[in-house]
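Please open the model in your viewer, with the sequence panel alongside, and follow the stops below in order. Each stop says what to select and then what is to be found there.

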Amino acid sequence: MSILHKEIASIRQDYALSSLSESDVLADPILQFSKWFQEAIKSEVIEPTAMVLSTCTTDGKPSSRVVLLKDIKPDGFSFFTNYESHKGQELAANPVASVLFFWPELQRQVRIEASVERLPVQDSDEYFAVRPRGSQIGAIASPQSHVLKDRAELETRVKKVEEEYANADHIPRPAHWGGFLLRPTRIEFWQGRSSRLHDRVVYEKQDSTWNLTRIAP
């Protein structure tokens, strides 16, 4: 038994803020997500757009990281990244993913399983154009997920890009950077309840319709 076993085992929080039933939710899970998302913003949830994105290699090795949701579309959810990054390469080889939103202030989480595809070039161009200039430069300079000799190498790369675009009003989006669209096939809405008897409502896509069920906590 580890030294911290008792301390970790004693950490508990009872959930009693709200409840969730099949009759409470909208027929379209993306609209239901939008509703919860707006409530998260109004409740001043810390980083409401933060989502844990899990990808997988073709031989089944998973990896996860936090990325930021950038848009909610009628057919899914979008985020942006370096296409040559670890996640970008995994999504190119195995275009499926899951994401997890956890909003502890509301005692809620949303789990999404989805197929993934690149956003149209126009969407990526439009979003890149409104990013802060420093973020644009960073996207060009950073060889995301690749090995660096040290911090100085990254700073040198950034300085070089800054000098290249010092007099430019517009910085073009690099080809290696852009957006992905998550097209959900399964979405679970989880509301914390007392005694770990949580509410779990699941939407699963069948052809063009969504089937709604409740599952046990």
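Begin by selecting β3 and β4, which form a hairpin with two residues between them. The coordinates are those of a predicted model, in which local features need pLDDT of at least 70, side-chain atom pairs count only at pLDDT 80 or more, and totals for chains, interfaces and linings use all residues. Residues are numbered from 1 along each chain as its sequence is written, and side-chain values use heavy atoms, with hydrogens and water left out. Helices (H or I, at least four residues) and strands (E, at least two) are DSSP runs numbered from the N terminus, and two strands pair if DSSP finds at least two bridges between them.

Within this hairpin, β3 (residues 71-73) pairs with β4 in the antiparallel sense over three bridges, and Lys-73 stands opposite Gly-76 of β4. Colour β4 (residues 76-82) by accessibility: seven of its seven residues are buried, where buried means under 20% relative accessible area, exposed over 50% and partly exposed in between, with a 1.4 Å probe and protein chains only. Now add β7, which pairs with β4 in the antiparallel sense over six bridges; there, Phe-180 of β7 is the bridge partner of Phe-79.

Next, select β5 (residues 96-103) and show its side chains. In a regular strand the side chains alternate between the two faces of the sheet. Along β5, Ala-97, Val-99, Phe-101 and Trp-103 point to one face and are buried, while Val-96, Ser-98, Leu-100 and Phe-102 point to the other and are not buried. Add β1 (residues 50-56), which pairs with β5 in the antiparallel sense over three bridges, with Val-52 opposite Leu-100. Then add β6 (residues 108-118), joined to β5 by eight bridges and running antiparallel to it; here Val-110 of β6 is the bridge partner of Phe-101. β5 and β6 form a hairpin with four residues between them, and in the turn Gln-107 has a positive phi of about 55 degrees.

Another hairpin is made by β8 and β9, with two residues between them and a positive phi of about 60 degrees at Asp-207 in the turn. Six bridges join β8 (residues 199-206) to β9 (residues 209-214), and the two strands run antiparallel; Gln-206 has Thr-209 of β9 as its bridge partner. Step back to the loop between β7 (177-191) and β8 and select Arg-196, which lies in it. Arg-196 is partly exposed, with a relative accessible area of 40%, and its C-alpha atom is separated by 9.9 Å from that of Ala-16, 180 residues apart along the chain.

Now turn to the helices α5 (residues 133-141) and α6 (residues 151-164), whose axes come within 9 Å and cross at roughly 120 degrees. The contact is made by Ile-137, Ile-140 and Ala-141 of α5 and by Arg-157, Val-158, Val-161 and Glu-162 of α6, contact meaning heavy atoms within 4.5 Å.

Finally, display the whole chain, whose secondary structure comes to six helices and nine strands. The C-alpha trace spans about 60 × 50 × 40 Å along its principal axes, and buried residues make up 39% of the 217 residues. Of the contacts in the chain with a separation of 6 or more, 65% are accounted for by residues 24 or more positions apart.

Definitions and conventions:
Axes fitted to C-alpha atoms, helices over the stretch in contact; angles between N-to-C directions.
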